[in-house]
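Thanks for making time. I have one structure to go through, and I will put it on the screen now.

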Amino acid sequence: MAALDDKYIVFGAETECSMGLRKSRLVLPADHGIFIRGKAQMHAKDCMSPENVIPFGGCRSASNPSTALKMASMGVSAGVPTISGTFCAMAVAPGCAGLCTPVITSVEWEDASEFTDIDEEKALMGRCTLTCAHGGIIKITDAGQG
């Protein structure tokens, strides 16, 4: 069985964000006409939120305005030294996470297949990642092929 890195990604694939509170799924509003095991295959440009990338419940990034507001309401400040002398870059207090609204910084998933095209776009692979403007790295954790 191929490692996740080498698998093609289909509708329903599982994702996670390094700043998110829960895993999520990839979706397609309309298929590209290519299917694997009855599920629509995705390509590198299927990276819009929320059309393709469903939010991750909550966001721990202090650069997310919703999280910063939540942190302020709880008396927690980003950039303030903690007891250990490190700076708080994430909401770590329980209940401190804000609303997850991914702001994708790229027009396509990074590291898509150069060798397989879906509607003249690079095929989405398990090794691909996206970056959110709030500092999260979004990666695929399950190809969705079942």
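Where is Cys 96 found? Cys 96 sits in the loop between H1 and strand S6, which covers 98-99. The model is a predicted one, so please keep that in mind for everything I say. Cys 96 counts as buried because its relative accessibility is 0%, and the cut-off for buried is under 20%. Its C-alpha atom is separated by 8.8 Å from that of Ser 73, and the two residues are 23 apart along the chain.

Now the helix itself. H1 runs over residues 65-73, and Asn 64 caps its N-terminal end. The cap is a side-chain oxygen of Asn 64 that lies 2.9 Å from the backbone nitrogen of Ser 66. After H1 comes Gly 75, with a positive phi near 80 degrees.

As for the overall layout, the protein chain has one helix and ten strands. Along the sequence, the order is β-β-β-β-β-α-β-β-β-β-β. Of the contacts with a separation of 6 or more, 66% are between residues 24 or more positions apart. The chain has 146 residues, and 40% of them count as buried. Its accessible surface is about 7700 Å², with 58% of that belonging to carbon and sulfur atoms.

On to the interior. The largest nonpolar core has 24 residues. Those with the most contacts inside this core are Ile 9, Leu 26, Trp 109, Leu 124 and Ile 138. Take Ile 138: leaving out residues up to four places away in sequence, Ile 138 touches ten residues by name, among them Val 53, Phe 56, Ile 104 and Trp 109. Thr 15 is also one of the residues that Ile 138 touches.

Is Thr 15 buried or exposed? Thr 15 is buried, because its relative accessible area is 0%, against a cut-off of under 20%. Thr 15 is in strand S1, residues 14-17. With the same neighbours in sequence left out, its contacts include Leu 26, Phe 56 and Trp 109, as well as Lys 139, Ile 140 and Thr 141.

Last, confidence. The average pLDDT of the chain is 88, and 86% of the residues score at least 70. Which residues have pLDDT under 50 throughout? That is the case over residues 81-87, where the model has five contacts beyond four places in sequence.

That is what I had; I can go back to any part of it.

Terms used
Residues numbered from 1 in each chain as written. Heavy atoms only, no water. Core = buried A, V, L, I, M, F, W, Y, C linked by side-chain atoms within 4.5 Å. Buried < 20%, exposed > 50% of the residue type's maximum accessible area, 1.4 Å probe, protein only. Contact = heavy atoms within 4.5 Å. Helix = DSSP H or I, 4+ residues; strand = E, 2+ residues; numbered from the N terminus. Polar contact = N/O pair within 3.5 Å; in protein donor to acceptor, adjacent residues only side chain to side chain. Areas by Shrake-Rupley, 256 points an atom, 1.4 Å probe, with all protein chains shown as cover. pLDDT = per-residue confidence, 0-100.
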